[in-house]
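Let's take a walk through the empty spaces in this protein and see what sits around them. Have the structure open as you read.

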Amino acid sequence: MDQKNLVAQAIVTATDGTLSLEQVLPKIEVPKSYDLGDYAFPAFILAKSYHKAPQMIAQELVEKIPQEDFDKVQAVGPYVNFFLAKQSFSQTILQDILGQQAEYGAQDLGHAGNVPIDMSSPNIAKPMSMGHLRSTVIGNSLAELLKKVNYNPIKINHLGDWGTQFGKLIEAYKLWGNEEEVRQDPINTLLKYYVHFHEVDQEQPELDDEARAWFKKLEDGDQEAHSLWKWFRDESLKFFKGIYQELGIDFDSYNGESFYNDKMDEIVELLEEKGLLKESRGAEIVDLEKYNLNPALIKKTDGTTLYITRDLAAALYRFRTYDFTQSLYVVGNEQTNHFKQLKAVLKEMGYDWSDQIHHIPFGLITAGGKKLSTRRGNIILLEDVLNDAVALAEKQIAEKNPDLPNKEQVAHDVGVGAVIFHDLKNERLNNFDFNLEEVVRFEGETGPYVQYTHARAMSILRKAGDIDRDNLNIVGLNDEGSWEVVRQLANFPAMIKRAVEEYEPSVIAKYAIRLAKSFNKYYAHTKVLTDDEQKDSRLAMVASVAVVLKEALRLLGVNAPDEM
Ligand code: ARG
């Protein structure tokens, strides 16, 4: 029985069944300060049925609770405060963690249900932006978290490889393109053409018509359009895959927007059959007034399709292919309206599973408080960020631990891990500013700090030398210093559950920081390797901290080197 249940059950018994377990459990609080115990029950919720002052009720309850189950139970004002039995509790938790190792915290919330996660999804022929980085790392962490609670995540990279922008790009290439230049540096060259196109089309609006015509040709299967498009796509994808490799992230599918080109007729037919398509100034729309949304534009005047048309086809395809229990889209909050429209159109089509579609929005990354934008050409290039972060990590390692074996790999894990951790530590919806020096610091609330704490725990275990780690004599710990750490360790499964329910990896990142902090505080005051009857228990705690920090980092997509 978990500890909160134990406390709730004690209250239920003490009220002689006036309250049920279901009534008590949600009322149990965790006091702000440990002086007030591990858990508290607000006795005033019994005031009506007992016709007594809450202080008196609290007193009476305390008298009825068997003291031997806890270190202490006391009434403070209208509250009953519980101090858990440190020794037996820590014994159980440490045994659990060392028995289960990386499995600790696993639970079955998902019953093996399929969950496609639409994530990363950069646009071909453009650099991957910091926004795409957010989608990539949040999506990846959600996938790991979902797996941990027995869902079956399917990571889908819905590449932006179709749409009017390819008309623009082809037009730009036809006007100013140079094959050799593209081969040498595809992304930057194509971006240059694209940016240039937007500079001149202001004065030459006929360029936009040309671009539209190219996209129309592309959708109609024109050979030249198609082979240029394919070339741009191949080159871009090669480049993106290099970044994914750096990040240590892979995908189950690269079915991007172009994949749905031959699946959109069906969508248009279905919409027609259901009488949902309306003509509006030559274009085909679905009216969404009853949802308080703008109409969804399905087909343009020239018959070409749109972003949402492709998303409708993708949603249906995913439902048919994966029979999903949830379908997630990790996309910036600027697309909130798009996903509302998508769900509304699917709902109108009679698909109840549209309720299982969830947009997982996130905030912007800014630099020096300013928004980043590809159109205006002021972007932070992701590959630069990763390279700089690794270089910075390398520098710090050279100062702190010049003899470290495997330096290059560690610098990579620390630099890249720092960028990922910083992103995930921020609550999804918050905007945050990106400052590389802050991100790669070894102190403060950073990824390297957590990694460093893990490495420190590992080094204590190495120092302990020839202990038999599988046969530790774990008698439990009863001091206050270790208690804070043990409580944190015990919290891990609940944190995983919360992170999944809120689609919020920051819950895990913040948890890892708290655990690392409490462990470092403990370690500053305690000699772990002193020979006494609790030595094995202390070592078990150090080993447990290492296990849980490593696993927490893994759930975020960050490696934990054993030494750094
Ligand atoms: N390529 C889009 C962009 O960069 C994101 C795609 C998101 N996924 C989706 N199914 N619409 O803005």
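Start with the largest cavity, whose lining is made up of Asn-123, Ile-124, Ala-125, Lys-126, Gln-165, Phe-166, Leu-169 and Tyr-194. Keep in mind that everything here comes from a predicted model. The largest cavity encloses about 60 Å³ of space, and the structure has one cavity of 30 Å³ or more. Which helix gives the most to its lining? That would be helix H7, spanning residues 164–176, with three residues. Sorted by character, the cavity lining comes out as five nonpolar residues, two polar ones and one charged one.

Asn-123 is a handy bridge to the next stop, the ligand. It lines the largest cavity, and it also belongs to the shell around the ligand. The rest of that shell is Asp-118, Ser-121, His-132, His-158, Tyr-307, Asp-311, Tyr-329, Val-331, Gln-335 and Phe-339. By type, the shell splits into four nonpolar, five polar and two charged residues.

So who touches the ligand through polar side-chain atoms? Here are three such contacts, with the ligand atom and the distance for each.

| Residue | Ligand atom | Distance |
|---|---|---|
| Asp-118 | nitrogen | 2.8 Å |
| Asn-123 | nitrogen | 2.7 Å |
| His-132 | oxygen | 2.8 Å |

How much of the ligand's accessible area does the protein cover? On its own the ligand has 350 Å² of accessible area, and the protein covers 89% of that.

Now swing over to the second largest pocket. Its volume is about 850 Å³, and 26 residues line it. Nearest its centre you'll find Tyr-39, Arg-487, Ala-490, Asn-491 and Ala-494. Helix H1 (3–14), helix H5 (86–100) and helix H19 (480–501) are the elements that each put two or more residues into this lining. Which of them gives the largest share? It's H19, with eight residues. As for chemistry, the pocket lining holds 13 nonpolar residues, five polar ones and eight charged ones.

That pocket also ties into the domain layout. The protein chain is divided into domain 1 (3–84) and domain 2 (401–556), and the C-alpha centres of the two lie 33 Å apart. Where does the pocket lining come from in terms of domains? Both contribute: at least three residues are drawn from each of domain 1 and domain 2.

To retrace the tour on your screen, begin at Asn-123, which lines the cavity and has a side-chain N or O atom 2.7 Å from a ligand nitrogen. Then move to H19 to pick up its eight residues in the second largest pocket.

Terms used:
Residues are numbered from 1 along each chain as its sequence is written. This is a predicted model: local features need pLDDT of at least 70, side-chain atom pairs count only at pLDDT 80 or more; totals for chains, interfaces and linings use all residues. Side-chain values use heavy atoms; hydrogens and water are left out. On a 1 Å grid over the protein atoms alone, a cavity is a set of points where a 1.4 Å probe fits but cannot get out, and a pocket is an open set with protein on both sides within 12 Å along at least five of seven lines; lining residues have an atom within 4 Å of a point. Grid points are joined across faces, edges and corners, and a volume is the space filled by probe spheres set on the points. Helices (H or I, at least four residues) and strands (E, at least two) are DSSP runs, numbered from the N terminus. Ala, Val, Leu, Ile, Met, Phe, Trp, Tyr, Cys and Pro count as nonpolar, Asp, Glu, Lys and Arg as charged, and the others, Gly among them, as polar. Domain bounds come from an automatic or database domain assignment. A residue is near a molecule or strand if one of its heavy atoms lies within 4 Å of it. A polar contact is a pair of N or O atoms within 3.5 Å; within protein, one must be able to donate a hydrogen and the other to accept it, and residues adjacent in sequence count only if both atoms are side-chain atoms. Accessible areas come from the Shrake-Rupley method with a 1.4 Å probe; for residues, only the protein chains shown count as cover.
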